[in-house]
Amino acid sequence: MIELSLATLVLLNAAIEFFGLSQPYPAWPTVGPVPVDPELIIPGLLGIVTILVMIREGIAIGSIVVGVLGVLTLWIAAMSLYSLYADTAVGLFWGGFFTLISGTLLAIAVIVQSLVRQSGHRGIPHQIDD
């Protein structure tokens with residue numbers, strides 16, 4: 001349930017950013033000196049949760065794609081946060097854009113995987129047997 005909630009938050013955040021809707025938070029939110037941009041934090045959290053769910057449930061056909069997207073999203077979010085925190089971003093900062101794109105793809109994959117699981121479709125092997 002946490003995974004789907006985070007996926008929904010990522011999609012809402014992407015809609016806010018890409019469609020120019022009013023943001024319910026400041027443009028560059030921080031907690032002390034640490035940047036906490038929702039464009040970086042929420043997709044990064046979704047990446048962590050997705051990786052943990054994949055580890056807990058085992059390797060399945062759909063989870064490989066979701067797991068790779070989760071690792072990619074987490075890596076981009078972590079590097080972007082580091083860039084902001086260490087103040088190494090020079091010029092235009094693209095980290096939020098790439099993190100949000102990767103997070104959106106991950107959120108869509110998580111929702112599709114959840115729908116496939118709920119449908120109980122047996123035409124696709126769900127688990128790789130040893």
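## Burial and overall fold

A residue counts as buried when its relative accessible area is under 20%. In this predicted model, 38% of the 130 residues of the protein chain count as buried.

The secondary structure consists of 4 helices and 2 strands. Read from the N terminus, the order of elements is α-β-β-α-α-α.

## A77 in helix 3

A77 sits in helix 3. Its relative accessible area is 2%. The cut-off for burial is under 20%, so A77 is buried.

P43 is 34 residues away from A77 along the chain. In space, the C-alpha atoms of A77 and P43 are 7.1 Å apart.

## V36 in the loop before helix 2

V36 belongs to the loop that runs between strand 2 (34–35) and helix 2. Is V36 buried, partly exposed or exposed? Its relative accessibility is 28%. Partly exposed covers the range between the buried limit of 20% and the exposed limit of 50%, so V36 is partly exposed.

V36 and Y85 are 49 residues apart along the chain. Their C-alpha atoms are separated by 9.6 Å.

## The nonpolar surface patch

Which residues make up the nonpolar patch on the surface? They are F18, F19, F97, F98, I101 and L105. Together these residues have about 610 Å² of accessible area.

Helix 4 spans residues 95–119. This helix gives the most to the patch, with 4 residues. L105 is one of the patch residues, and L105 is found in helix 4. The relative accessibility of L105 is 47%. Patch residues need over 30%, so L105 passes that limit at 47%. Exposed would require over 50%, so L105 counts as partly exposed.

## The cavity

How many cavities of 30 Å³ or more does the structure hold? There is 1. The largest cavity encloses about 40 Å³ of space.

Its lining is made of E3, T50, V53, M54, S63, V66, G67, Q113 and R117. Helix 2 (38–57), helix 3 (61–85) and helix 4 are the elements that give two or more residues to this lining. By class, the lining has 4 polar, 3 nonpolar and 2 charged residues.

## Helix 4 in both settings

Helix 4 links two of the topics above. On the surface, helix 4 gives 4 residues to the nonpolar patch. At the largest cavity, helix 4 is among the elements that give two or more lining residues.

Definitions and conventions:
Residues numbered from 1 in each chain as written. Predicted model: local features only at pLDDT ≥ 70, side-chain atom pairs only at ≥ 80, totals over all residues. Heavy atoms only, no water. Patch = residues over 30% accessible without salt bridge, like charges linked within 9 Å, V, L, I, M, F, W, Y side chains within 5 Å. Areas by Shrake-Rupley, 256 points an atom, 1.4 Å probe, with all protein chains shown as cover. Salt bridge = Lys/Arg side-chain N within 4 Å of Asp/Glu carboxyl O. Buried < 20%, exposed > 50% of the residue type's maximum accessible area, 1.4 Å probe, protein only. 1 Å grid on protein atoms, 1.4 Å probe; cavity = no way out; pocket = protein on both sides within 12 Å on 5 of 7 lines; lining within 4 Å. Points joined across faces, edges and corners; volume = space filled by probe spheres on them. Nonpolar A, V, L, I, M, F, W, Y, C, P; charged D, E, K, R; others polar.
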